[in-house]
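Me: I have a structure open and I'd like to learn how to read it. Could you take me through it feature by feature?

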Amino acid sequence: MDNDVSAGSTTTIVGRLALGVTLLAFGVGHTGVIDGVTAADAVTVAQYVGGVALFVAGLLALRDRDTASGTAFTVLGALWFTWAVSVGGQVSANAAGLFLLLFALVALSLAFAGGDLLGQGMYGLLCVSLLLLAIAAFAGGAALGKAGGWFAVAAGAVAWYAATAVLAHWPTAMRGRTAGGRGVTATG
């Protein structure tokens, strides 16, 4: 691993920490790994940290002309706020599945938008998580819901690492080798 650490803007760090905490709480709730903790227990975190704080971080990023982080954080802030205020409401399983599927497409767009490798990985894992949770909602599959929860946990861990690495000056780039033996750096 290379010791180079990308600078990362303050809003990106805050946004990734907020997203990481939200995804970890949401994901752990879906996995059932902690007895008595469900995804519904993540509502407060999702509403205020994932919804409000992430949305504000997105607006600040947009003000700083960081369209990638600004777009990602405002849209995901809307996702988490909407999810939080909808939990426990009178929504059909198909409507919940459609909601998750639509935001899986948003996460896919964010993954393909480019940026650093940690960000692409984070959004890619989020996309898989939301897709599995959508299919579980449509089909009523608890096993797929748990798998979706684990992908959310993984995405949260990547988001947390991506933010913390900048603050702690941890490595974020990997050094690779080409067939000719010359070092090539794959940075994000």
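Reply: Sure. Let's begin with one term: two residues are in contact when heavy atoms of theirs lie within 4.5 Å. Keep in mind, too, that this is a predicted model.

Me: Of the contacts with a separation of 6 or more, what share joins residues 24 or more positions apart?

Reply: That share is 68% in this chain.

Me: How many helices and strands does the chain have, and in what order do they run?

Reply: There are 6 helices and 2 strands. Starting at the N terminus, the order is α-α-α-α-α-α-β-β. The chain has 188 residues, and 37% of them are buried. Its accessible surface is about 9500 Å², with 66% of that belonging to carbon and sulfur atoms.

Me: Where is pLDDT lowest and where is it highest among the elements?

Reply: The general idea comes before the numbers: where pLDDT is low, the predicted coordinates should not be read in detail. Here the chain has a mean pLDDT of 89, and 88% of its residues reach 70 or more. Among the elements, α5 has the highest mean, 97, while strand β2 (residues 183-186) has the lowest, 46. Two stretches stay under 50. One is residues 1-7, with 23 contacts beyond four places in sequence in the model. The other is residues 183-188, where the model has 18 such contacts.

Me: How do I check the span of a helix, say α3?

Reply: Work from 1.5 Å a residue: the 20 residues of α3 (residues 67-86) should span 28 Å, and because the end C-alpha atoms are 28 Å apart, the two values agree. You can do likewise with α1, whose 22 residues reach 31 Å from first C-alpha to last, close to the expected 32 Å. Helix α6 (residues 142-168) has 27 residues and reaches 38 Å, close to the 39 Å expected.

Me: Which residues of α3 are buried, and what covers them?

Reply: The buried ones include Ser69, Gly70, Phe73, Leu76, Trp80 and Trp83. Their cover includes α1 (10-31), α2 (43-63), α4 (93-112) and α5 (117-139).

Me: In the largest nonpolar core, which residues touch the most other members?

Reply: Of its 32 residues, those are Leu19, Leu76, Trp80, Trp83 and Tyr123. Each of α1, α2, α3, α4, α5 and α6 supplies at least two residues of this core. Try clicking on Leu76: leaving out residues up to four places away in sequence, Leu76 touches Leu19, Gly50, Leu54, Leu110, Tyr123 and Leu126.

Me: What about Phe55: where is it, and what is it in contact with?

Reply: Phe55 is in helix α2. Its relative accessibility is 35%, so Phe55 counts as partly exposed. Beyond its neighbours within four places in sequence, Phe55 is in contact with Phe73, Thr74, Gly77 and Ala78. Phe55 and Leu79 are 24 residues apart along the chain, and their C-alpha atoms are separated by 9.6 Å.

Me: How many aromatic pairs are there?

Reply: A search of the whole structure gives 6. One of them is Trp160 with Trp170. A pair of aromatic rings is described by the distance of the centres and the angle of the planes. For Trp160 and Trp170 the centres are 5.9 Å apart and the planes 65° apart, an edge-to-face pair. Trp160 sits in helix α6 and Trp170 in the loop between α6 and β1 (174-177), 10 residues apart. Trp160 has 40% relative accessibility, so it counts as partly exposed. Trp170, at 31%, also counts as partly exposed. Elsewhere, ring pairs join Phe26, Trp80 and Trp83 into a cluster.

Me: Which residues other than glycine have a positive phi?

Reply: The background is that most residues other than glycine have a negative phi. Two cases to look at here are Arg65, with phi near 65°, and His169, with phi near 60°. Arg65 is in the loop between α2 and α3, and at 75% relative accessibility Arg65 counts as exposed. His169 follows α6 and lies in the loop between α6 and β1. At 63% relative accessibility, His169 counts as exposed.

Me: And which glycines with a positive phi follow helices?

Reply: Among them are Gly32, after α1, with phi near 75°, and Gly88, after α3, with phi near 85°.

Technical notes. Residues are numbered from 1 along each chain as its sequence is written. This is a predicted model: local features need pLDDT of at least 70, side-chain atom pairs count only at pLDDT 80 or more; totals for chains, interfaces and linings use all residues. Side-chain values use heavy atoms; hydrogens and water are left out. Helices (H or I, at least four residues) and strands (E, at least two) are DSSP runs, numbered from the N terminus. Buried means under 20% relative accessible area, exposed over 50%, partly exposed in between (1.4 Å probe, protein chains only). Accessible areas come from the Shrake-Rupley method with a 1.4 Å probe; for residues, only the protein chains shown count as cover. The expected span of a helix is 1.5 Å times one less than its number of residues. pLDDT is the predictor's confidence in each residue, from 0 to 100. Rings of Phe, Tyr and Trp (its six-membered ring) pair if their centres lie within 6.5 Å; planes under 30 degrees apart count as stacked, over 60 as edge-to-face and the rest as tilted. A nonpolar core is a set of buried Ala, Val, Leu, Ile, Met, Phe, Trp, Tyr and Cys residues joined through side-chain atoms within 4.5 Å.
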